[in-house]
Amino acid sequence: MKLEVIDLKKHFGDKEVLKGISFTVENGQPLGLLGQNGAGKTTTIRTLMGIYDIEHGEILLDGKPFNLGKESVGYLPEERGLYQDIKVIEQLVYIAKLRGLSAKDAKRASNNALAKLEISHYADKLIKTLSKGNQQKVQLAQTIVHNPKIVILDEPFSGLDPVNSQILKDVILELIAANKIVIFSSHQMNFVEEFCKDIVIIKDGAVVLQGDLEKIKQDLGGNRLVIKANGDTNVDLVTKLHRLFGPTCEYKITPDDLIVTPTSALTKNELISRIAQNDIDLRYVKMYEPSLHDIFVAKVGEDEPALPPQPDLLDFCKHFGVEE
């Protein structure tokens, strides 16, 4: 399966909040949808989910117009909320039946989802008696209870401790292994790096970077090298390298090692060869690859933009079985 979002544009009043968003995600190749608060991620997801009308552009599934009513989609929204005064199993069965399962199948699927997230012992508990983390796991259970082909997760790790985060990670990896289409939106870059093959970074309603994450890292790493020497501090190593190369290299000291950037016609191989011929005992030399956090900050900056005006979410909350 292949889901294509093509040239989405959207206005709230006079403000253009989506400026031609395009990306593609295929089954088994999870996509990280990234951006600061107010960048347009949630608006894009809500347009995909049919909560907002498509003002301009199109959404295709395997080359045909995407029909949410005919496709099996699981959505974990950023807005958290459950019916607090009913039992956990009642919540899941209700959602499963809304997704088209029979009463019998809904009960079976609900129990399976609870077992998968290791919360079966809460099945007959009122939701309001559960901790924030366990309520989050209930919400994920209702996201996958109907075995959807497409799964959209918006900040799924919010409020989870390390143990429950690992349980959720295992479930997400299972979804990926089952060849689901998975769209993963989060500010926790370590999780995005762990799960996602491709990324899309949005800033001010426009895509500023997208593609295969490993290739992006290699391309943005450029000709920089990461060097560590035995018996030398990074400061000592900079001194020795400066004697060798003078102004033809730039240096950046990190807590663990040294990043060296040739600034002239000096190639990486020449740099390594000349270091090896001198009195420097190298522990390792490797290509520099920026972290996703570094890439994100470089592309979108650190200033949080003001949130655009949002339409009332009451209908959205009711539609997905959550309380505003």
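**Close-up 1. H4 and H5 each supply at least two residues to the lining of the second largest cavity.** This is a predicted model, and the count here comes to two cavities of 30 Å³ or more. The one in this view has a volume of about 40 Å³. Its lining is made up of Leu-117, Gln-136, Lys-137, Leu-140, Pro-156, Leu-160, Asn-164 and Leu-168. H4 gives the largest share, three residues.

**Close-up 2. Helix H5 covers residues 162-177, and its length checks out.** With 16 residues at 1.5 Å a residue, H5 should span 22 Å, and its end C-alpha atoms are indeed 22 Å apart, so the two figures agree. Look just ahead of the helix for Asp-161, which caps the N-terminal end of H5. A side-chain oxygen of Asp-161 sits 3.1 Å from the backbone nitrogen of Val-163. Past the other end comes Asn-179, which follows H5 and has a positive phi, near 65°.

**Close-up 3. Here are the buried residues of H5 and what covers them.** Buried along this helix are Asn-164, Ser-165, Ile-167, Leu-168, Lys-169, Val-171, Ile-172, Leu-175 and Ile-176. An α-helix has 3.6 residues a turn, so residues three or four places apart point the same way. The cover over the buried residues of H5 includes three helices, namely H3 (103-116), H4 (132-144) and H6 (189-195). Strands S7 (150-154) and S8 (181-185) are also among the covering elements. Two of the buried residues, Asn-164 and Leu-168, turn up again in the lining of the second largest cavity.

**Close-up 4. Strand S3 (residues 31-35) is mostly covered, with five of its five residues buried.** Leu-31, Leu-33 and Gly-35 point one way from the strand, while Gly-32 and Leu-34 point the other way. Both sets are buried. S3 pairs with S8 in the parallel sense over two bridges, and Leu-31 stands opposite Ile-183 of S8. S3 also runs parallel to S9 (residues 198-203), joined to that strand by five bridges. In that pairing, Leu-33 stands opposite Val-200.

**Close-up 5. Thr-254 lies in the loop between strands S12 (249-253) and S13 (258-262).** Even in a loop, Thr-254 counts as buried, because its relative accessibility is 19% and the cut-off is under 20%. Its side chain makes a polar contact with the side chain of Asp-257, at 2.8 Å. Leaving out residues up to four places away in sequence, Thr-254 touches Asn-234 and Ile-259.

Notes: Residues are numbered from 1 along each chain as its sequence is written. This is a predicted model: local features need pLDDT of at least 70, side-chain atom pairs count only at pLDDT 80 or more; totals for chains, interfaces and linings use all residues. Side-chain values use heavy atoms; hydrogens and water are left out. Helices (H or I, at least four residues) and strands (E, at least two) are DSSP runs, numbered from the N terminus. Buried means under 20% relative accessible area, exposed over 50%, partly exposed in between (1.4 Å probe, protein chains only). A polar contact is a pair of N or O atoms within 3.5 Å; within protein, one must be able to donate a hydrogen and the other to accept it, and residues adjacent in sequence count only if both atoms are side-chain atoms. Contact means heavy atoms within 4.5 Å. The expected span of a helix is 1.5 Å times one less than its number of residues. Two strands pair if DSSP finds at least two bridges between them. On a 1 Å grid over the protein atoms alone, a cavity is a set of points where a 1.4 Å probe fits but cannot get out, and a pocket is an open set with protein on both sides within 12 Å along at least five of seven lines; lining residues have an atom within 4 Å of a point. Grid points are joined across faces, edges and corners, and a volume is the space filled by probe spheres set on the points.
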